[in-house]
Amino acid sequence: MNFLEFTPALIVAIPLFGAFLTPIISKINEKARNIFAILILLITSCLVFILTQDVFANGPRTYIFGDSNLALPVVRILFEVDGLSMFMAIISITLALLGVIYSWSFMKENDGLDKYYTLVLLLVAGMLGMEFTGDLFNFFVFLEISCITSCALIAFYINKGESLEAAFKYIVISAIGALFVLFAVGLFYAQYNALNMATIASVLQFGFLDKIALILLIAALGMKAGLAPMHMWLPDSYGEAPTSVTFILIAATQASLYGVLRILFTIYGNAFTNIEFVFSSAIIHWFIIGLALITILIGVLMALIQTDFKRLIAFAAVAEIGYIFLGIGVGLTSLGVGYGKTALEGGVFHIMNDAFDIGLLFLIAGAVYYATKETSLNKMGGLARNMKYTAVFFIVGLLAVSGLPPFNGFVSKLLIYESTYQLNPIIAIIAILASILLLAIFVKVFYSVFMGPELPNLKDVKEVPKSMLVAMGAIVVIIIIFGLFPNLIINNIVQPATNALVNSSSYISKVLSVVV
Amino acid sequence: MIFNIPFIAVVAMIFIGLYAVLFKRNLVKMVIGIIIIESGVNLFLITLGYRWFGENGGVVPIFTNAPSEAINNAPESMVLPVPQALTLTSIVIGVAVLALMLSLVMHIYKQYGTLDVRKIRRLKE
């Protein structure tokens with residue numbers, strides 16, 4: 001019991017500690033450094049697993065930094081974990097672990113890898129911190145940690161102009177976004193003299209300044225999550241970063257998505273369910289649904305015309321973000337109604353499925369790049385002859401991402417279609433059509449990369465090394481299990497997360513009982 | 001009115017910074033724009049914590065060292081320490097972001113030979 005009390009802090013502290021130890025370990029030799037990074041993430045994922053079981057069984061858990069007898073309630077730094085935090089932490093740590101395993105062979109030929117592993121571990125600490133913190137200012141600090149580290153990782157190929165350009169775009173967007181978040185934190189502090197989310201949520205008036213703060217927070221975090229009008233940084237940085245980094249960046253993007261959920265449902269949760277504000281908040285719900293539809297359409301239509309393998313997948317990732325926001329938006333509009341909860345479940349489950357499906361496709365694009373040193377789709381062909389496993393994995397990925405039955409994408413997309421249809425059939429039809437288009441795009445990609453005649457310059461392509469196959473294979477196994485036993489996953493992992501979203505009162509009262 | 005001047009300055013700084021980021025062609029000027037926004041937000045936090053005590057302005061938030069008249073008559077005249085702590089943290093983070101941005105600008109200049117955003121367009125649409 002005593003040990004469990006410290007786990008929320010340890011889960012963030014261990015990667016942070018490991019990050020600063022990595023340069024020292026890498027003095028020994030390269031293998032020790034790689035094993036050390038994997039070991040740190042393994043320990044962290046064990047802790048996440050233990051904490052998840054406890055939180056799902058016993059409800060939210062808090063950890064307060066510093067002396068527990070100090071009588072300064074509002075300014076304490078505290079971590080609070082509930083179902084949603086743990087759900088996101090599982091995704092982040094799984095992606096980070098598989099990404100580090102993948103980069104063992106993928107990044108082998110580059111130098112400067114001790115810095116690479118340091119930054120990856122810092123990025124993991126940053127995003128886990130975003131997911132665990134119960135304090136808005138700390139959220140800003142962890143947001144900046146993940147921004148800085150991911151920007152440095154995007155610019156890893158520093159001799160390529162494109163990756164520098166993408167990294168500069170990313171840092172401009174995220175620096176401005178983070179400053180908006182800080183401004184909104186200031187607005188909250190000015191009114192309520194509090195910084196932690198639960199205290200703010202319990203006294204929120206939903207006045208004029210709160211509306212400004214809501215707009216700033218949603219704009220900034222939506223921007224970082226890749227919502228439509230501000231999605232343009234996402235294909236650039238996903239496309240130009242090393243593939244293993246792109247894979248972990250998906251988790252960092254979703255940590256911002258977690259911020260959106262936390263703000264909409266916990267901080268503004270009471271205001272939205274209050275009948276007086278139904279009119280003013282309904283605008284926000286429809287706004288989110290509208291942006292989600294635009295995101296889906298832009299993502300799919302732009303993916304259609306891409307010739308670069310990774311950029312194409314990146315635009316598909318934009319579309320998938322749109323599906324998540326569609327589920328969340330429909331869930332918000334009809335929070336009390338039966339299908340509202342279905343939509344929310346679909347949206348939350350799709351966060352996980354998006355991470356694994358799009359992640360798998362990115363890893364395959366990386367594997368193809370590793371084997372052929374080509375990124376343009378026009379210069380590839382006939383790779384299925386030599387890269388059998390990768391080709392099979394790609395079939396799984398393309399079916400899962402376009403939402404076809406035996407795989408996980410089908411389950412969450414069906415939940416979203418079902419509930420959206422009850423709200424407004426036209427939206428559901430648009431979403432389904434976009435999904436079909438996605439299937440068409442990826443079938444085309446499959447044909448041009450893996451099928452067709454053998455190209456003379458790609459004759460002696462070999463299958464990728466084992467560590468990359470292990471990472472891809474693990475995701476394929478996860479995808480198939482999720483697709484075959486959706487009820488098991490929804491009941492055991494997704495529902496605690498959606499319950500935590502809908503019943504924000506347990507999150508709020510937990511902090512109030514500890515702090516005041 | 002005089003109390004509102006810092007807030008007007010904050011809004012002005014944020015908009016000047018946004019203008020620089022959106023409309024300036026030079027990468028270094030864009031970086032300066034972001035730093036102006038950051039200073040505006042920091043000024044906002046500091047102004048939030050400031051308190052007025054008669055003609056003399058605020059009192060330093062050290063309880064053992066405050067003038068006795070301030071403690072007895074108007075304890076609320078003490079400047080809030082929390083926003084100052086927040087501002088310090090935010091300044092430190094801002095320096096890190098600034099350093100990273102400037103080093104990126106440096107490398108971009110090495111690769112492209114220019115700082116004009118219209119010419120730095122190797123990424124496809």
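**Cavities and buried residues**

Mentor: The second largest cavity fills about 60 Å³, a volume being the space taken by probe spheres set on joined grid points. This is a predicted model: local features need pLDDT of at least 70, side-chain atom pairs count only at pLDDT 80 or more, and totals for chains, interfaces and linings use all residues. Residues are numbered from 1 along each chain as its sequence is written, chains are lettered from A and ligands numbered from 1 in written order, and side-chain values use heavy atoms, without hydrogens or water.

Trainee: What makes a space a cavity?

Mentor: On a 1 Å grid over the protein atoms alone, a 1.4 Å probe fits there but cannot get out; lining residues have an atom within 4 Å of a point. The second largest cavity is lined by nine named residues of chain A, among them A:L234, A:T253 and A:D354. Helix α10(A) gives the most, with three residues.

Trainee: Why is A:T243 called buried or exposed?

Mentor: Buried means under 20% relative accessible area, exposed over 50%, partly exposed in between (1.4 Å probe, protein chains only). A:T243 has 2% relative accessibility, so A:T243 counts as buried. A:T243 is found in helix α10 of chain A.

Trainee: Which residues does A:T243 touch?

Mentor: Contact means heavy atoms within 4.5 Å. Leaving out residues up to four places away in sequence, A:T243 touches A:Y102, A:F106, A:K310, A:F362, A:L363 and A:G366.

Trainee: How do you know whether A:L214 is buried or exposed?

Mentor: A:L214 has 2% relative accessibility, so A:L214 counts as buried. A:L214 lies in helix α8 of chain A; helices are DSSP runs (H or I, at least four residues) numbered from the N terminus.

Definitions and conventions. Helix = DSSP H or I, 4+ residues; strand = E, 2+ residues; numbered from the N terminus. 1 Å grid on protein atoms, 1.4 Å probe; cavity = no way out; pocket = protein on both sides within 12 Å on 5 of 7 lines; lining within 4 Å.
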